[in-house]
Amino acid sequence: MNKIIAIQGAQGSNHHKVACDFYGESVKLIECMSFDILVDALLDTSADLGVMALENTIAGSIIPNYALIDKNNLHIIGEEYLNIHHHLMALEGQSIEDIKEVWSHPMALLQCKEFFKKYPHIKLVEDVDTAEVAKRIAKQNLVGIAAIAPKIAAEIFKLVVLEDEIQTIKDNSTRFVIVQTAKPEVDEDVNKASIKFQLNHKRGSLAAILNAMSDCKMNLTKIQSLPVIDTPWKYSFFVDVTFEDYKDYQKAYSLIEIMAEEFKVLGVYKNGRK
């Protein structure tokens, strides 16, 4: 695998783990501190592929990322559902009583909020990324500061894990997608599609298109609406469907193309849900 992969966050992040799961441990990375920077790396060809979180079982959809994929005409070529494990880590020789502040991504702080109620002396500080904070603690020798990050970050940056599995809800999963700028060749063993469309304001228009999908043996796994920025009270629908036979998808495609406005396929790929 000689391709360069852009990830949101630093080495040791969950995005890094997904990249390794898809393309191996020796993957070449570009670390991006925001999803906008990640997309820029794809558009200027610094990176060949990107890994983007799209939804979480606790926090729901990461709506800006739907818009980024759509606006920049990126193509989804794969997905992974990753169980999220949050660990509290700091420099060696400290206990949790020595920690004054915990820095991490807002999502990680939210998902571990209940744990920190037992430690009112600790201030929670929002930061750009889980693993990047771990890296900063190690590099700058920051005493009294801890990070919430995947355990691999503690191994990479030689930190000590003070507490394991501090997330409030243990069954916490995030869906990540692999994206690229080039439209891929579609293999007929794919079984999932992500599409986007707009509808007119006629009564029952959404129900009609969903019924058409059902008639074509499509299983609706996700529907997300986003406002159309330049048209008040008009919405785009982002829909994920799974199917067993590629011919059923082709039939559904033909019907949706007729029934919908602004119809667009964001990706056709293999279902990552085990």
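**Which helix holds Ile258?** Let's begin there and work through a few exercises together.

This is a predicted model, in which local features need pLDDT of at least 70, side-chain atom pairs count only at pLDDT 80 or more, and totals for chains, interfaces and linings use all residues. Residues are numbered from 1 along each chain as its sequence is written, and side-chain values use heavy atoms, with hydrogens and water left out.

**Exercise 1. Place Ile258 and describe its surroundings on the surface.**

Step 1. Ile258 belongs to helix α9, residues 246–259. Helices (H or I, at least four residues) and strands (E, at least two) are DSSP runs, numbered from the N terminus.

Step 2. Ile258 has a relative accessibility of 68%, so it counts as exposed. The cut-offs are under 20% relative accessible area for buried and over 50% for exposed, with partly exposed in between (1.4 Å probe, protein chains only).

Step 3. Together with Leu255 and Met259, Ile258 makes a nonpolar surface patch of about 280 Å². Patches are made of residues with over 30% relative accessible area and no salt bridge; like charges are joined within 9 Å, and nonpolar side chains (Val, Leu, Ile, Met, Phe, Trp, Tyr) within 5 Å. A salt bridge is a side-chain nitrogen of Lys or Arg within 4 Å of a carboxyl oxygen of Asp or Glu. Accessible areas come from the Shrake-Rupley method with a 1.4 Å probe; for residues, only the protein chains shown count as cover.

**Exercise 2. Find the buried residues of α2 and what they pack against.**

Step 1. In helix α2 (residues 35–43), the buried residues are Phe35, Leu38, Val39, Ala41 and Leu42.

Step 2. Why are they on the same side of α2? Their arc around the axis is only 155°, which puts them on the same side of the helix. The arc is that of the directions from the helix axis to the C-beta atoms.

Step 3. Their packing partners are the strands β1 (4–8), β2 (28–32), β3 (49–56) and β11 (173–180), along with the helices α1 (14–23) and α3 (63–71). Contact means heavy atoms within 4.5 Å.

Step 4. Now look just past the helix: α2 is followed by Thr45, whose phi is positive, near 65°.

**Exercise 3. Look at two of those partners, α1 and α3.**

Step 1. Buried in α1 are Asn14, His15, His16, Val18, Ala19 and Cys20. Gly24, with a positive phi near 100°, follows α1.

Step 2. Buried in α3 are Asn65, Tyr66, Leu68, Ile69 and Asp70. Asn73 follows α3, and its phi is positive, near 55°.

**Exercise 4. Decide whether Glu132 is buried or exposed, and name its contacts.**

Step 1. Glu132 sits in helix α6 (residues 130–140).

Step 2. With 18% relative accessibility, Glu132 counts as buried.

Step 3. Leaving out residues up to four places away in sequence, Glu132 touches Ala10, Met33 and Asp127.

**Exercise 5. Start at Cys216 and explore around it.**

Step 1. Cys216 has a relative accessible area of 2%, so it is buried.

Step 2. Gln250, in helix α9, is 34 residues from Cys216 in sequence, with a C-alpha to C-alpha separation of 9.1 Å.

Step 3. Lys217 lies in the loop between α8 (205–215) and β13 (219–227). Lys217 is exposed, at 61% relative accessibility, and its phi is positive, near 65°.

Step 4. How many disulfides does the whole structure have? The search finds zero, where a disulfide is a pair of cysteine sulfur atoms within 2.5 Å.
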